[in-house]
Amino acid sequence: PVYRDKLCVIFDKQGTTDKIDLVKSFLSDDGKRILELSKEGIEYFYPKNILSQITGISETELDTKIGQFLQDSKADHDGKAHLGSFYGTKVELAIKVAEKISTPDGISTEIIDLLSVAINRAFE
């Protein structure tokens, strides 16, 4: 593919590396463009202060509540679940979080580093 050397991918924590290894091979990854998160959902990496504002859950309780949200959203036919006062899908939560982000404060450095690589690759 024409964008093979530019594409960057973020995977949630996987049970095995099979999918990741396949994508790395297909994209001829140089070790900088494929990232596997250390947890099962990108929601764990959203800025805690923003998630707390959206959900009404204290920052210290978020990790536990996120885990339940992920389980419940998988079990729901429409992918919807409660995360405190928020009710919706993972995508709807991502949109709400993105709407509130105005600075990189609180965003995981892993994700910022991957986005930097993606931006640089896009303009090579």
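This report describes the nonpolar cores, an aromatic pair and one helix of a predicted model.

**The cores**

The largest nonpolar core holds 22 residues, and those touching the most other members are Leu51, Ile66, Phe69, Leu83, Leu93 and Val97. Two or more residues of this core are given by each of α2 (48–55), α3 (62–75), β3 (81–83), α4 (90–100) and α5 (109–122). Helix α3 supplies the largest share, with four residues. Separate from this core is a second one of five residues, among them Val9, Phe11, Ile20 and Ile34.

**Phe69 and its surroundings**

Beyond its neighbours within four places in sequence, Phe69 is in contact with Ala81, His82, Leu83, Phe86, Gly88, Thr89, Lys90 and Leu93. One of these residues, Phe86, forms with Phe69 the one aromatic pair in the structure. The ring centres of Phe69 and Phe86 lie 6.2 Å apart; the planes meet at 65 degrees, and because an angle over 60 degrees counts as edge-to-face, the pair is of that kind. Phe69 belongs to helix α3 and Phe86 to strand β4 (residues 86–88), so that the pair links distant parts of the chain, 17 residues apart.

Thr89, another contact of Phe69, lies in the loop between β4 and α4. Leaving aside neighbours within four places in sequence, Thr89 is in contact with Asp78, Gly79 and Lys80 as well as with Phe69. The table gives the accessibility of these three residues; each counts as buried because its value is under 20%.

| Residue | Relative accessible area | Class |
|---|---|---|
| Phe69 | 0% | buried |
| Phe86 | 5% | buried |
| Thr89 | 16% | buried |

A further ring has a charged partner: the charged end of Arg4 sits over the ring of Phe26, 4.5 Å from its centre.

**Helix α5**

Helix α5 has 14 residues, which at 1.5 Å a residue should span 20 Å; the C-alpha atoms at its ends are 20 Å apart, in agreement with this. Ile111, Leu114, Val117 and Arg121 are the buried residues of α5 named here. Viewed down the helix axis, the buried residues of α5 fall within an arc of 120 degrees, and therefore they line one face of the helix. An α-helix has 3.6 residues a turn, so residues three or four places apart point the same way. Thr109, Ile119 and Asn120 are exposed on the other side of α5. The cover over the buried residues of α5 includes strands β1 (9–11) and β2 (34–36).

Notes:
Residues are numbered from 1 along each chain as its sequence is written. This is a predicted model: local features need pLDDT of at least 70, side-chain atom pairs count only at pLDDT 80 or more; totals for chains, interfaces and linings use all residues. Side-chain values use heavy atoms; hydrogens and water are left out. A nonpolar core is a set of buried Ala, Val, Leu, Ile, Met, Phe, Trp, Tyr and Cys residues joined through side-chain atoms within 4.5 Å. Buried means under 20% relative accessible area, exposed over 50%, partly exposed in between (1.4 Å probe, protein chains only). Contact means heavy atoms within 4.5 Å. Rings of Phe, Tyr and Trp (its six-membered ring) pair if their centres lie within 6.5 Å; planes under 30 degrees apart count as stacked, over 60 as edge-to-face and the rest as tilted. A charge sits over a ring if NZ of Lys or CZ of Arg is within 6 Å of the ring centre and within 35 degrees of the ring normal. The expected span of a helix is 1.5 Å times one less than its number of residues. The arc is that of the directions from the helix axis to the C-beta atoms.
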